[in-house]
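Colleague: Can you take me through this model? I'd like to start with burial and charge.

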Amino acid sequence: MLVLDCYVSTDACFYFVTCLFCSCYKVLTAPLYPSEPINWRQKIMSFSKLETYSKIKTTFALENYLLTIQNKSFATSITRLRIGAHCLEIEKGRHKNIPVEKRMCPTCKEDIEDEYHFVMTCPCYNEERERLMTSCNIKTILPGTNRNIFHVLLSCTDQTSVHLGQYICNAMQKRNRNITN
């Protein structure tokens with residue numbers, strides 16, 4: 001198991017963990033070992049599955065969105081996207097040993113379906129994305145700034161987290177409908 005997020009109190013550490021092999025999610029209580037805050041970043045960076053997560057997770061602490069979002073499906077959707085526990089082709093292909101360059105988006109068939117493509121560029125979610133950007137007061141996306149905006153959105157400030165959770169839920173539902181039809 002790999003420690004992903006934690007909340008440090010004076011006597012215990014509450015770990016949000018995922019088993020990388022079975023996609024199980026649990027909240028555990030365990031003593032905080034002195035080496036954990038030092039090694040957590042190295043641990044997440046050692047897994048290609050956590051490439052997106054390693055770029056947006058900056059502190060060894062519980063993410064505020066887990067405490068502030070009232071809609072648990074929004075919070076769960078954000079967490080799953082951040083840690084790579086989703087049904088996008090980038091993850092499904094990993095389990096099937098499909099080369100990365102062949103993990104194409106099943107809705108637009110234009111690019112590799114990874115977290116970035118799903119949130120920022122897939123034309124199938126333009127309406128949902130426009131609502132997200134408007135809700136987050138992102139007026140114009142300048143060329144070359146998409147990656148920065150993507151990292152800001154997935155960093156989940158209080159202002160963006162609810163809107164991002166709603167976007168992920170709506171876009172994922174649309175994706176699943178398009179794939180099954």
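Colleague: Is E91 buried or exposed?

Modeller: E91 is buried, because its relative accessibility is 3%; buried means under 20% relative accessible area, exposed over 50%, partly exposed in between (1.4 Å probe, protein chains only). This is a predicted model, where local features need pLDDT of at least 70, side-chain atom pairs count only at pLDDT 80 or more, and totals for chains, interfaces and linings use all residues. Residues are numbered from 1 along each chain as its sequence is written, and side-chain values use heavy atoms, without hydrogens and water.

Colleague: What does E91 form a salt bridge with?

Modeller: With K49, the closest N and O atoms being 2.8 Å apart. A salt bridge is a side-chain nitrogen of Lys or Arg within 4 Å of a carboxyl oxygen of Asp or Glu. K49 also counts as buried, at 10% relative accessibility.

Colleague: Where do the two sit?

Modeller: E91 is in helix 5 (residues 89-95) and K49 in the loop between helix 1 (36-45) and helix 2 (51-56), 42 residues apart. Helices are DSSP runs (H or I, at least four residues), numbered from the N terminus.

Colleague: How many salt bridges are there by this rule?

Modeller: Nine. One of them joins E113 and R175, at 2.6 Å from N to O. E113 lies in the loop between helix 5 and helix 6 and R175 in helix 9, so this pair ties together parts 62 residues apart in sequence.

Colleague: Which residues are linked in a network with E113?

Modeller: E89, K92 and R175.

Colleague: New topic: what is Y167 in contact with?

Modeller: Leaving aside neighbours within four places in sequence, Y167 has contacts (heavy atoms within 4.5 Å) that include F118, V119 and L132.
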